[in-house]
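Me: I'm new to this one and would like to know what stands behind the words people use for it. Could you walk me through a few of them?

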Amino acid sequence: MSERVSSINLKFAAHHAPEMKVIPSSKWVLYGTDKDWRNRYPDYLIDLYNTSAKHGAIVRGKVDYIVGRGLKVKKDGLNTIKEAETQDFIKSMDLDRLLDQVALDVELFNGAAIEVIYNSTRKKIAKLSHVSFNKCRLDKDGKVVYYSADGWKKSQPDNVDVIPTFNVNTPAEKSILYLKVYDPTKAVYPLPSYIGAIPYIELDGEIANFHLNGIKNGFMAGTIINFFNGQPTEEDKEKIEQQIIDKFGGSDNANKVLLTFNDTKEQGPEINQLSGNDLDKRFDILNRTVEKEIFTGHRIVDPALFGIKPEGIFATRNQIRDSYELFQKTYVQARQAFILDAFNNLAGVNGVPKNIDIEQTEPIAQEFSEMTLVSVMTRNEIRERVGLPPLEEQPTTPTDAQFSSQESDIRLAQRFAECGIPINQNQIVGAHHFTAYTSLDDMDAREGELMAYGFSDAAFDMAVLDALKRNPSMGMSEIAMTLKTTIEAVQAAVNRSIGSGYLELQITDVIGAMQRVAKVTNAGETALKAVKPLSTSFGIAYRYVLGAGVSGPEVMDTTRDFCREMVRLSKSRVWTQADITRISLSEDRNVWQRRGGFWTRRGTNDTTHYCRHAWERVLIQK
């Protein structure tokens with residue numbers, strides 16, 4: 001008769017979404033029915049936050065992006081009084097602090113709780129306070145909050161406060177505004193946005209625990225145990241299984257020594273190594289998988305945004321800037337809108353304008369060349385940059401001494417006559433006036449709006465599409481720099497190409513890290529062959545002409561010598577940005593801004609430090 005071989009199938013715990021259940025013995029709906037975390041699913045989420053380093057860093061990073069630089073008042077359509085009322089509401093209710101607390105709860109639980117206390121007349125809100133979300137439970141109709149200050153470790157806590165949920169139509173002295181992000185699958189409690197990644201988040205903490213205890217215990221014990229003492233009953237098998245799991249299972253018992261005590265060798269168990277001594281390496285491989293899945297669950301396309309550097313990937317400033325803008329638009333703005341909707345509705349109860357907004361975190365600034373910087377900076381800003389003290393401020397009211405002297409005007413005009421690009425009018429493809437430079441972006445980026453691709457959106461779109469075909473992982477900042485345009489213009493071109501079916505944005509794995517790449521579709525390939533970008537034999541230059549909206553002849557009797565000569569030169573000559581900036585610096589006069597001198601508009605007291613003339617930007621064929 002053949003010997004029987006019996007085995008036990010050791011079962012591993014599987015993660016399931018929490019069950020939200022109403023039971024007869026409780027007035028509240030249970031927030032999870034799992035044995036270890038019964039009615040305490042929010043506490044379980046807090047435990048994950050505290051034990052998984054990767055998950056914790058992402059949650060904290062998300063909160064920082066959502067909170068931004070704090071609350072502000074949108075001034076659109078507000079007079080001074082209403083603006084002050086809104087600012088006072090933010091300050092008196094300590095909304096900046098509440099924003100931090102609510103943002104963290106929303107990221108942990110996909111919900112938050114705010115205590116609302118009315119004044120004695122119940123006409124206005126007197127106070128708003130944060131309430132610990134993990135201590136709140138709801139009835140099945142969502143009209144009553146059961147709050148346990150001691151938590152819900154007991155099935156029936158000793159002290160439970162019954163508080164109505166906030167209802168603007170039936171104001172109570174004290175109520176709780178219970179916020180939750182909409183989820184079509186659950187009617188009572190919210191589920192976290194990262195629900196799909198929870199098994200990997202839990203595993204992340206276990207991996208760290210495994211390595212810690214492996215070092216403490218100093219031994220590897222991945223084994224199979226064969227007993228040779230006959231066939232126990234099923235009940236005995238289960239007892240043996242539980243004893244082994246309790247004593248040796250889990251990451252807390254990693255690498256412990258297993259000792260057996262027997263009368264003879266024949267009576268003892270046979271212990272065989274299954275994994276060898278490379279289990280730590282297997283955990284390292286698993287760790288990379290866990291990292292990727294956590295990022296995916298959190299919808300993170302660039303871990304560098306959260307201070308996590310993927311192995312083998314060196315993120316450039318442009319890549320991080322692109323990732324920041326993408327994350328802001330696809331995630332942060334929606335979370336901010338959820339919180340702001342609640343804050344503004346509460347402000348509306350007090351008759352305060354619903355103009356509360358969040359000041360966004362500044363993205364990584366783009367670096368500019370010295371030529372660009374000095375072209376948009378004042379003289380004292382330049383001196384400050386190089387460590388020199390500021391010069392005495394010029395008086396704001398123009399005097400005769402401030403007007404360009406004839407000698408200075410002629411010398412300045414002569415400098416322009418000695419440089420520039422001689423052209424004929426047939427070389428000018430297009431021209432337009434532009435707003436004076438007001439930011440560091442303008443001087444370089446605005447030129448690219450015309451450079452190389454003229455006035456055709458289609459031609460420019462194809463240029464962006466061609467750049468992404470050659471380098472699918474090329475960042476939008478890098479494309480903007482290459483084409484000498486703005487990031488916004490590149491983003492608009494990408495959106496048009498996606499809408500036309502020419503381009504798809506995908507997330508791929510590059511050396512163990514996720515990265516966004518662009519894929520030109522077959523339709524895009526066909527479009528690239530059919531529509532060619534304009535030749536790059538075009539350039540941007542400037543000429544001196546009558547300003548936009550200014551009437552009258554180009555030159556009058558009162559026209560200053562500088563303007564008179566520059567208008568004449570501009571009939572057959574244009575100048576580059578570098579030409580104008582260089583002359584401005586050498587003559588200690590910002591010709592971009594001041595130009596011909598002060599001008600008082602006829603019939604008004606409106607005096608400007610520039611004259612009737614302005615620089616006009618032109619697209620020329622070289």
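Me: Happy to start with the sheet: which strands form the open sheet, and in what order?

Reply: Keep in mind that this is a predicted model. The open sheet has three strands, in the order S5-S4-S9, and their pairing is antiparallel. From one strand to the next the twist averages 25°.

Me: What makes S5 and S9 stand at the edges?

Reply: Count the partners. Strand S5 (125–131) and strand S9 (174–180) each have a single partner strand, so one side of each is left without a neighbour in the sheet.

Me: How do you know that S4 and S5 pair?

Reply: Two strands pair if there are at least two bridges between them. Strand S4 (residues 111–118) and S5 have six bridges, in the antiparallel sense, so they meet that cut-off. Among the bridge partners, Glu115 goes with Ser129 of S5, and Val116 goes with Leu128 of S5. As a general point, strands of a sheet pair through backbone hydrogen bonds.

Me: What lies between those two strands in their hairpin?

Reply: Six residues lie between S4 and S5 in the hairpin, where Arg122 takes a positive phi near 55°.

Me: Why is Ser175 called buried?

Reply: Buried means under 20% relative accessible area. Ser175 comes out at 2%, so it counts as buried. This serine has its place in strand S9. Leaving aside residues up to four places away in sequence, Ser175 touches Ile114, Glu115, Val116, Ile163, Pro164, Thr165 and Phe166.

Me: Now the helices: why are H2 and H4 called oblique?

Reply: Helix H2 (residues 53–67) and helix H4 (residues 95–109) pack at an angle of about 135°, and their axes are 9 Å apart. Roughly perpendicular covers 65 to 115 degrees, and roughly antiparallel starts over 145. The angle of about 135° falls in neither range, so H2 and H4 are oblique to each other. Their crossing is right-handed.

Me: Which residues make that contact?

Reply: H2 brings Val59, Lys62, Val63, Ile66 and Val67, while H4 brings Leu99, Asp100, Ala103, Leu104, Glu107 and Leu108. By class, the contact of H2 with H4 has eight nonpolar, no polar and three charged residues.

Me: One last stop: which residues of helix H18 are buried?

Reply: In H18 (residues 577–586), the buried residues are Gln577, Asp579, Ile580, Thr581, Ile583 and Ser584. Just after H18, Asp588 takes a positive phi of about 55°.

Notes: Residues are numbered from 1 along each chain as its sequence is written. This is a predicted model: local features need pLDDT of at least 70, side-chain atom pairs count only at pLDDT 80 or more; totals for chains, interfaces and linings use all residues. Side-chain values use heavy atoms; hydrogens and water are left out. Axes are lines fitted to C-alpha atoms, for helices over the stretch in contact, and angles run from 0 to 180 degrees between N-to-C directions. Helices (H or I, at least four residues) and strands (E, at least two) are DSSP runs, numbered from the N terminus. Angles under 35 degrees count as roughly parallel, over 145 as roughly antiparallel, 65 to 115 as roughly perpendicular and the rest as oblique. A crossing is left-handed if the near helix is turned anticlockwise from the far one by less than a right angle, and right-handed if clockwise. Contact means heavy atoms within 4.5 Å. Ala, Val, Leu, Ile, Met, Phe, Trp, Tyr, Cys and Pro count as nonpolar, Asp, Glu, Lys and Arg as charged, and the others, Gly among them, as polar. Buried means under 20% relative accessible area, exposed over 50%, partly exposed in between (1.4 Å probe, protein chains only).
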